[in-house]
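Please read these notes with the model open beside you. They begin where two chains meet and then turn to the build of one of them.

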Amino acid sequence: MDSSNLDFFTNIAIIIISYLLLLKIIPKIITNLTSTNKKVFIGVLAYIYISSTVLNAYVLSDTKPTEVIIVSLALLFLQSIFILIMYISLVEIQKKLLSHTQQKELLQEKQELEEYSSYLDQNEDDLRRFKHDYQNILNSLKIDAQEGNVKGVIDKLSEYTNSHFNEEALRKYKDLNHIHIKELKSIVFSKLTQMYNLGILYSFGCESEIYEIPQNIDLLDLVRVIGITFDNAIEAETDYFNSNFLQKQDLRIEAMYYQDHDDFEFMIRNRIPNSDITLSQLTEKGYTTKKQHPGLGLANVKQFSQKYDNVIIDYHIKDTWFIFNLTILPIDEVTD
Amino acid sequence: MKYQVFICDDNQDTIVQLKHMLLIAAFRLSDNDSVTFNVFGQATTYKSAINILQKTIPTGGIYFLDVELGKNIGKDNGFDLAEYIKQNDPKAQIIFVTSHADLSIITYQRRLGPIDYIVKSSNVAELTTRISDTLKSAINYLENSSSESANFFTYKAGYEVKKIAADNIYYISTTGNSHKLELVHTNGISQFIGSISKIAETAPYLLQISQSCLINPKKAEIDYQSHKITFPNGDIQYYSRKNSHMLRKYFSK
């Protein structure tokens, strides 16, 4: 009687303790069940469950457990612990890796922001200086004009214009302030900086204020494609320059974002030599074939178009331009 | 030929300079056929330009417009004027005059259709040449569009209506995506939303060779053995068996 009472109490104690334990663990289990590693976690749970069931069956079928069973029981138990530890450390490693790439991205973003804000500061200074100079110039012009010295007026004006209005740096990141999607802004920013540093003439336009694009598009996909097409254009221009097909002042890349109704359009074009270059030659050389990764460029762009029904692409040669065009239609435009 | 020209620039001196250059350009562009430019109107503000154009607007005029018109940024500038002109003179040849070389001209080409531009420069000789060249292409466009009988295939890429000379088409085929078609032509590829059967109805110069493909027979080389059609760029399309009789008949002509 005593032993059965004891059994009863230990059973109840076990249930209560495991309930309390579970209460603490359940939230963790839930996060693990829904995280990216859910398959592994379920696998681990299944393994523990199956092995304990098998053990249970063994122990119940034999009233006197032999040494073999005890050993295998111990082994299974150890294995379960080992697997649990493996799983936990795997998750830890993943977390570390993720935060590392996130940090890198953040760092790059920060650098870009700093560069952009210093550019804005610079503009602010120039504007203030202009305001200051303006009054002085006006005064001296007045004197010249009163004396009828027209040539003096013109000379002074043109001197000032040349030194202050032709500065490319002043218009380096024109229209970027109209893009209100961080990812789309930062890709253009970094590519404009690259072209500026390479000394390739470029223009970028974004007339409309862009707050959103059709929702089904993964921004990372889009940014990658935009990056690739910028890279292709830059690479093509550098190639034409190095192989003497184009002079430095003829190199040119023009790009734009555009929004009509609620679509999103991206276009980029780069200058090509005036000779009879066919598209297949171009797609072989400047456009699709990168030195290290043959054919990577166009393949990625095509993949992007295939992934989304509402993405249409267009690339062709016209006059002395190679033109690439990407349009993302509102989703309801293609599903009818 | 006599061409109607309109000039709008907030600087009266630029207008005078442009008029002068028009005379030189007219002289340069005249060969057997004498070319003259008649300035039918000039304005220094958006408002006065609209006033003039409301009274008289030609078809196929040439318009020199200052981009940075007036004080208000982004309002009543050259582009708004251009939009008005395009609505009232669809054949208008618009040439923007700007002081900034980094003007995003493609944005305005996207918004207004084909337009040209010249960058103001203190080098008069260079500027005159540039104006002559620009006028030459404007004249070419006007002449060709009036005598044009060539066939065009038009399609809608998003909200933009595009057209391509029918002769330049290689083929139009379906893609893996629903409603999305791919037009392959001499200069590249263009995707758009549409359906093969509808195009087959409206474009009789294209030949339907299967459920998924229309070809331009003028650009196609047919191989009866393997049911294969090859295009000048090396692309290959296969035709369905039920069409072989029709194709044999068509190509034997």
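**Notes on chain B and its contact with chain A**

1. Strand β4 of chain A, residues 311–318, is joined to β10(B) by 3 bridges, and the two strands run antiparallel. One facing pair can be picked out by eye: Ser190(B), in β10(B), has Asp314(A) opposite. Keep in mind that this is a predicted model, and both chains should be read as such.

2. How many residues of each chain are in contact with the other? The count is 23 residues on chain B and 31 residues on chain A. On the chain B side, α4 (105–112) and β10 (188–193) each supply at least two residues. The largest share of that side comes from β10(B), with 6 residues. So the strand in the first point appears again here: β10(B) pairs with β4 of chain A and is also the main supplier on its side of the contact.

3. Which classes of residue make up the side of chain B that touches chain A? Polar residues number 13, nonpolar residues 7 and charged residues 3.

4. Chain B itself is divided in two: domain 1 covers 2–147 and domain 2 covers 152–252. Between the C-alpha centres of these two domains of chain B there are 39 Å.

5. UniProt, in an unreviewed entry, lists residues 153–253 of chain B as "domain: HTH LytTR-type". In the model this span is 45% strand and 16% helix, and its end C-alpha atoms are 24 Å apart.

6. Chain B also holds an open sheet of 5 strands with parallel pairing, in the order β2-β1-β3-β4-β5. Which strands of chain B lie at the edges of this sheet? They are β2 (36–43) and β5 (116–119), each of which pairs on one side only. From one strand to the next the twist averages 20°.

7. A general point helps in reading such a sheet. Strands pair through backbone hydrogen bonds, and the pairing may be parallel or antiparallel.

8. Within the sheet, β3 (residues 62–66) and β4 (residues 93–98) of chain B are paired in the parallel sense over 5 bridges. Ile62(B) has Gln93(B), in β4(B), opposite. Take care with the names: the β4 of this point belongs to chain B, whereas the strand that joins β10(B) is β4 of chain A.

9. Helix α3 of chain B, residues 78–88, lies across three strands of that chain, namely β1 (2–8), β3 and β4. The helix runs at about 160° to β3(B).

Key. Residues are numbered from 1 along each chain as its sequence is written. Chains are lettered from A and ligands numbered from 1 in the order in which they are written. This is a predicted model: local features need pLDDT of at least 70, side-chain atom pairs count only at pLDDT 80 or more; totals for chains, interfaces and linings use all residues. UniProt positions are given in the numbering used here, feature names are shortened, and annotations may be inferred rather than shown by experiment. Helices (H or I, at least four residues) and strands (E, at least two) are DSSP runs, numbered from the N terminus. Two residues are in contact if their C-beta atoms, placed from the backbone, lie within 7 Å. Ala, Val, Leu, Ile, Met, Phe, Trp, Tyr, Cys and Pro count as nonpolar, Asp, Glu, Lys and Arg as charged, and the others, Gly among them, as polar. Two strands pair if DSSP finds at least two bridges between them. Domain bounds come from an automatic or database domain assignment. Axes are lines fitted to C-alpha atoms, for helices over the stretch in contact, and angles run from 0 to 180 degrees between N-to-C directions.
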